[in-house]
Amino acid sequence: MRRALLGLLILLGAAAAAPFDPFARAGIDEHPGTRIPLDVAVTSETGAKGPLKAPASGEPILLVPVLHDCPNLCGVTLDGLAAAMRAANLQGDRDARVIAFGIDPRESPADARRALARLAERHPETAGRFHGTVSDGQAIRAVTDALGYRFAYDPRIGQYAHAAAIAVLTPDGRFSRWLYGLAPEPADLRAALAEARAGRTGGWGRRLVLLCYHYDPATGRYSLAIDWLLRGAGLLTAAGLLVYVLAARRGERPSAR
């Protein structure tokens, strides 16, 4: 009995000592057609309390799970959505209800308000047309579990690992599809909203799941997702320089002859 108890304690200690793996804990599972509980209680960026459901406008919903006070990809995701909507001639509250859905129960309406104000500085057309919410853990989990959206808190560095993606919902609150990545293509966004407006569900887009999980001061490194982004940017820069050098050398050959 003592040996069994000792073995259990060793296993628990090993599990506690295991490094936090954001890719194992965070991600997205597709749940096409699932009805999202839009009647959960939330608080808007203005401090108003009420259900998450959008007004009865008959328009689709773009639900963006975010951390309002985020040092990493959340602001970039909202920037990308705003730019795609502008390029597609779409407006919030006219063509879709855009909700930045806070997934950290510790955040306040002021955090949501500041995030939206920063967004409006870069994209003035979003002012008053992009909305933010905060809520308690139970309401957050009810929505994210229905979406198949998995995220996890890393207590070592006080950060959430979560995916950068946009959920497209039908006007009656059923999940239609995800728009993956930091910025949807304007044509893809328009098509996704048309499908959701028609009540169609189950669309599968190009799946590029990026995790929002930033610099780890304990290890002095970026998370894998950010590391890949930085490496990709470096490779693109190197490729661009190589093309420039080759083009320059080709241009010099006639004069050398």
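How many of the protein's residues count as buried? Of its 257 residues, 43% do. Keep in mind that this is a predicted model. The protein has seven helices and eleven strands. Contacts across the chain are well represented: among contacts with a separation of 6 or more, 76% are between residues 24 or more positions apart.

**The core**

Let's start on the inside. In soluble globular proteins, nonpolar side chains tend to be buried together. Here the largest nonpolar core has 52 residues. Those with the most contacts inside this core are Leu62, Leu81, Leu147, Leu169, Trp178 and Leu189. Several helices and strands chip in with two or more residues each, namely β4, α3, β5 (97–102), α4 (109–122), α5 (137–147), β9, β10 (175–180) and α6 (186–197). The top contributor is β9, which gives seven residues.

Leucine 81 is a handy place to look around. Leaving aside residues up to four places away in sequence, leucine 81 touches Leu62, Val64, Val98, Phe130, Ile166, Pro184 and Leu189. Two of the residues with the most contacts inside the core, Leu62 and Leu189, turn up in that set.

**Strand β4**

Now for β4 (61–66). Is this strand buried or exposed? Six of its six residues are buried, so β4 is largely enclosed by the rest of the structure. In a regular strand the side chains alternate between the two faces of the sheet. In β4, Ile61, Leu63 and Pro65 point one way, while Leu62, Val64 and Val66 point the other way, and all are buried.

Which way does β4 run relative to β5? The two strands are parallel, and six bridges join them. Leucine 62, for one, has valine 98 of β5 as its bridge partner. Both of these residues are also touched by leucine 81.

**A small gap inside**

Rolling a probe the size of a water molecule over the atoms shows where empty space is left. With a cut-off of 30 Å³ or more, the count comes to one cavity. The largest cavity holds about 40 Å³ of space. Eleven residues line it, and the closest to its centre are Pro65, Thr77, His162, Ala163 and Ala164.

What kinds of residues make up the lining of the largest cavity? Nine are nonpolar, two are polar and none is charged. At least two lining residues come from each of β4, α3 (74–87) and β9 (159–169). The largest share, four residues, is from β9, the strand that also gives the most to the core.

**Loop residues worth a look**

Most residues other than glycine have a negative phi, and most peptide bonds are trans. The loop between α3 and β5 holds asparagine 89, and aspartate 93 lies in this loop too. Both have a positive phi: near 55° for asparagine 89 and about 70° for aspartate 93.

Phenylalanine 151 sits in another loop, between β7 (149–150) and β8 (152–154). Phenylalanine 151 is 127 residues from alanine 24 in sequence, with 9.7 Å between their C-alpha atoms in space.

Here is how these three loop residues fare on accessibility:

| Residue | Relative accessibility | Class |
|---|---|---|
| Asparagine 89 | 56% | exposed |
| Aspartate 93 | 35% | partly exposed |
| Phenylalanine 151 | 5% | buried |

With buried meaning under 20% relative accessible area, phenylalanine 151 makes the cut at 5%.

Terms used. Residues are numbered from 1 along each chain as its sequence is written. This is a predicted model: local features need pLDDT of at least 70, side-chain atom pairs count only at pLDDT 80 or more; totals for chains, interfaces and linings use all residues. Side-chain values use heavy atoms; hydrogens and water are left out. On a 1 Å grid over the protein atoms alone, a cavity is a set of points where a 1.4 Å probe fits but cannot get out, and a pocket is an open set with protein on both sides within 12 Å along at least five of seven lines; lining residues have an atom within 4 Å of a point. Grid points are joined across faces, edges and corners, and a volume is the space filled by probe spheres set on the points. Ala, Val, Leu, Ile, Met, Phe, Trp, Tyr, Cys and Pro count as nonpolar, Asp, Glu, Lys and Arg as charged, and the others, Gly among them, as polar. A nonpolar core is a set of buried Ala, Val, Leu, Ile, Met, Phe, Trp, Tyr and Cys residues joined through side-chain atoms within 4.5 Å. Buried means under 20% relative accessible area, exposed over 50%, partly exposed in between (1.4 Å probe, protein chains only). Contact means heavy atoms within 4.5 Å. Two strands pair if DSSP finds at least two bridges between them.
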